[in-house]
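Student: I would like to learn how to read a model of this kind feature by feature, from a single residue up to the contact between chains. Could we take the features one after another?

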2 protein chains.
Amino acid sequence: MAGEFALIDKYFARPTPSAILGPGDDCALVQPTPGKQLAVTTDMLVSGTHFLPDTDPKNLGWKALAVNLSDLAAMGAMPRWVTLAGALPAVDEAWIAAFADGFFACAKEYGVDVIGGDTTKGPLNVCITAMGEVEPGRALRRDGAQVGDQIWVSGRPGLAALGLAHLQGRVKLPEPWPRLCVAALEKPRPRVALGQALVGIATAAIDVSDGLLADLGHICERSACAAAVKLVQLPHLRDVAGSGDSYDADLRRFALDCQLAGGDDYELCFTAPGTLSLTIGQIAARLELPLWHIGEIVAGEAGAVTVYDPDMKPVTFERKGYDHFAAQA
Amino acid sequence: MAGEFALIDKYFARPTPSAILGPGDDCALVQPTPGKQLAVTTDMLVSGTHFLPDTDPKNLGWKALAVNLSDLAAMGAMPRWVTLAGALPAVDEAWIAAFADGFFACAKEYGVDVIGGDTTKGPLNVCITAMGEVEPGRALRRDGAQVGDQIWVSGRPGLAALGLAHLQGRVKLPEPWPRLCVAALEKPRPRVALGQALVGIATAAIDVSDGLLADLGHICERSACAAAVKLVQLPHLRDVAGSGDSYDADLRRFALDCQLAGGDDYELCFTAPGTLSLTIGQIAARLELPLWHIGEIVAGEAGAVTVYDPDMKPVTFERKGYDHFAAQA
């Protein structure tokens, strides 16, 4: 009987040097760093809603952890400990081994210990809770944006949504975009170093999981302000639609839609006073991660995000973010 | 569009006085008590595996939190904060409202704040992570039992399994047992006060979730010792099989099986030196909670648990605990 307990032991009980007591007891025990605050986040990933049922389990393992570390990154917290709970329809040892591979690769990359878990029978479901530490009063919250702040975003949001469309055969991307976009979808890299670098600099931050406009809207709601985003300042995604004779105007529009409203990117969107733009540029250089100044925080209806075209005329987009219930109801 | 975010706000965003930042940001923020250790546990409950699909959502809300607080109780930790993630097949507002009712009733009873969560579409699944605090080096672990220690259990393990059998029509219990057993199943009371009272007294502890013998076996495995349990010292469950003419010998045997191997009770099983038995009796009186001295820790194969009949002959039981994969494969 290779039951639940044996499986957990075999694949998920690894050394936990940062814990006083790791998996195998009623609780794990950890010693918080004196004086630090604890940032806590939890995410549930469901087959068919958050990932394709035939997703490579190794990629899924990486991503399941990465999206939680991304929430810690968005607070400027240092990742410390995670718990993992999962339901599986049946014991599939190869699947479990591959999932564990990806999961622990991500844990190692970002220096977190997996201190506890729970495995059970049921429709495929992965739930992770991540804990990180941050100096008191220094966490990057959503509610600190000020009118006049610059709005920034890291990397190239939209790639993950393009990667999904590519895998589903809805778009045909020119080289080298298929590989880049699928990697962004399957193996997102939480911006942990960026989040910590932004402590004391950013006035507000969020990770782009629902889509750039939707997540920027969340900052604006909590900060009681509005945002003006300029199309021309968005990260360059021109080549994705080809060039010259092969230029595809429909694909260009779709890529723009992905950039503004596609979820699953896990880049950071943040605000900061314009006086710090040089410092932010230095952070970008040090981390070798492009940071784009895409607009400004303005006075206006709380949560309102307006996109302006090159003539400074407002542009309307229908899709404002990803809602699991609304999207598939 | 009464989507995900609106639902979360309406039913699950409540005041979190013990947190610096509650639900609504990328992470919650809490300030651990200086010097304390953090005990962390996570549990996933799946429809059809852990609860009947038609379970009253209010009871489910209570129980989902209670089983996590029970893990904190088993460590002697003071419950502080919890996160809640859930998947639902569809937006059923009445169901969600009732679940929240039960969940927050339990949270209030045991003084924990719900600091964060995640709601998504998918087969019914509830995943909770609970955090508590304990003085460094004082947590009740599974690995501290010593040969010669007495073995104790609280309350009346077995009632929950009897309650399940009753609901499924597999047994007919005499009054007042149906109500008592169903309450034990649906609204378990985590032994939080007992766990804290046992700090400095118990050498090892576990909560009875898999079944008394199986969970006592977990203590013995981790403590590298064996256990001798005496049938005559088990909590009294005689009346459950009726008396006089109505006495049902099959039911008596089934009740004993539930007592030794039925899961889902969330009583505490613990070990302590015999010199502290009077102190333990005083704790029982103070908490108005029966504590039963059911056997002794003995030298032997690590993890071996033997049950002795009144003639001190070993008794054999087939069912040793509940394994989600093995039980329903």
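Student: Which residues is B:Val82 in contact with, once its neighbours within four places in sequence are left aside?

Tutor: A contact list of this kind is read by asking which parts of the chain come together at one residue. In this predicted model, B:Val82 is in contact with B:Leu65, B:Leu69 and B:Phe103, with B:Val112, B:Asp113, B:Val114, B:Ile115 and B:Gly116, and with B:Ile128, B:Thr129 and B:Ala130, its neighbours within four places in sequence being left aside. B:Val82 itself has its place in strand 3 of chain B, which covers residues 78-88.

Student: Is B:Val82 buried or exposed?

Tutor: The class follows from the relative accessible area, and since that value is 0% for B:Val82, which is under the 20% limit, the residue counts as buried. For a view across the chain, B:Val82 and B:Ala304 are 222 residues apart in sequence, and their C-alpha atoms are separated by 35 Å.

Student: What is the separation of the C-alpha atoms of A:Pro310 and A:Val232?

Tutor: Here the distance in space is to be set beside the distance along the chain: the two residues are 78 residues apart along the chain, and their C-alpha atoms are separated by 6.2 Å. A:Pro310 belongs to the loop between strand 11 and strand 12 of chain A, and because its relative accessible area of 59% is over 50%, A:Pro310 is classed as exposed.

Student: Where does A:Met312 lie, and what is its phi?

Tutor: A backbone angle is best read together with the place of the residue. A:Met312 lies in the loop between strand 11 (305-308) and strand 12 (314-315) of chain A, and its phi is near 60°, a positive value in a residue other than glycine. Its relative accessible area of 45% falls between the limits of 20% and 50%, so A:Met312 is partly exposed. In chain B, B:Asp264 also has a positive phi, near 75°, and is a residue other than glycine; B:Asp264 lies in the loop between helix 8 (249-261) and strand 9 (268-272) of chain B.

Student: Which peptide bond is cis in chain A, and which in chain B?

Tutor: For a peptide bond the angle to look at is omega. In chain A a cis peptide bond joins A:Glu175 and A:Pro176, with omega about 0°, and in chain B the bond from B:Glu175 to B:Pro176 is cis, with omega near 0°. A:Pro176 lies in the loop between helix 4 (159-167) and helix 5 (177-186) of chain A, while B:Pro176 is found in the loop between helix 4 (159-167) and helix 5 (177-186) of chain B.

Student: How should I read the contact between the domains of chain A?

Tutor: One begins with the bounds and then turns to the contact. The domain assignment of chain A gives domain 1 (4-134) and domain 2 (150-319), with 27 Å between their centres, taken over C-alpha atoms. The contact takes 17 residues from domain 1 of chain A and 19 residues from domain 2 of chain A.

Student: What area is buried between these two domains?

Tutor: The size of an interface is often given as the accessible area lost when the parts come together. Between domain 1 and domain 2 of chain A this area is about 1,600 Å², of which carbon and sulfur atoms give 60%. On the side of domain 1 of chain A, the residues that lose the most area to domain 2 of chain A are A:Trp62, A:Lys63 and A:Tyr110, together 30% of what that side buries.

Student: How many salt bridges and polar contacts cross that interface?

Tutor: The rule finds two salt bridges across the interface of domain 1 and domain 2 of chain A, and six residue pairs are counted in polar contact. Helix 2 of chain A gives the largest share of the side of domain 1 that touches domain 2, ten residues.

Student: How does the contact between chain B and chain A read?

Tutor: The same kinds of count apply. The contact takes 73 residues from chain B and 73 residues from chain A, and the buried area is about 5,700 Å², with carbon and sulfur atoms giving 62%. Four salt bridges are found across this interface; the side chains of A:Arg142 and B:Asp25 meet in a salt bridge at 3.6 Å, N to O. There are 21 residue pairs in polar contact between the chains. Strand 2 of chain B (residues 37-46) supplies the largest share of the side of chain B that touches chain A, nine residues, and that side divides into 39 nonpolar, 20 polar and 14 charged residues.

Methods
Residues are numbered from 1 along each chain as its sequence is written. Chains are lettered from A and ligands numbered from 1 in the order in which they are written. This is a predicted model: local features need pLDDT of at least 70, side-chain atom pairs count only at pLDDT 80 or more; totals for chains, interfaces and linings use all residues. Side-chain values use heavy atoms; hydrogens and water are left out. Domain bounds come from an automatic or database domain assignment. Contact means heavy atoms within 4.5 Å. Buried area is the accessible area (1.4 Å probe) that two parts lose on being put together, summed over both. A polar contact is a pair of N or O atoms within 3.5 Å; within protein, one must be able to donate a hydrogen and the other to accept it, and residues adjacent in sequence count only if both atoms are side-chain atoms. Helices (H or I, at least four residues) and strands (E, at least two) are DSSP runs, numbered from the N terminus. Buried means under 20% relative accessible area, exposed over 50%, partly exposed in between (1.4 Å probe, protein chains only). Ala, Val, Leu, Ile, Met, Phe, Trp, Tyr, Cys and Pro count as nonpolar, Asp, Glu, Lys and Arg as charged, and the others, Gly among them, as polar.
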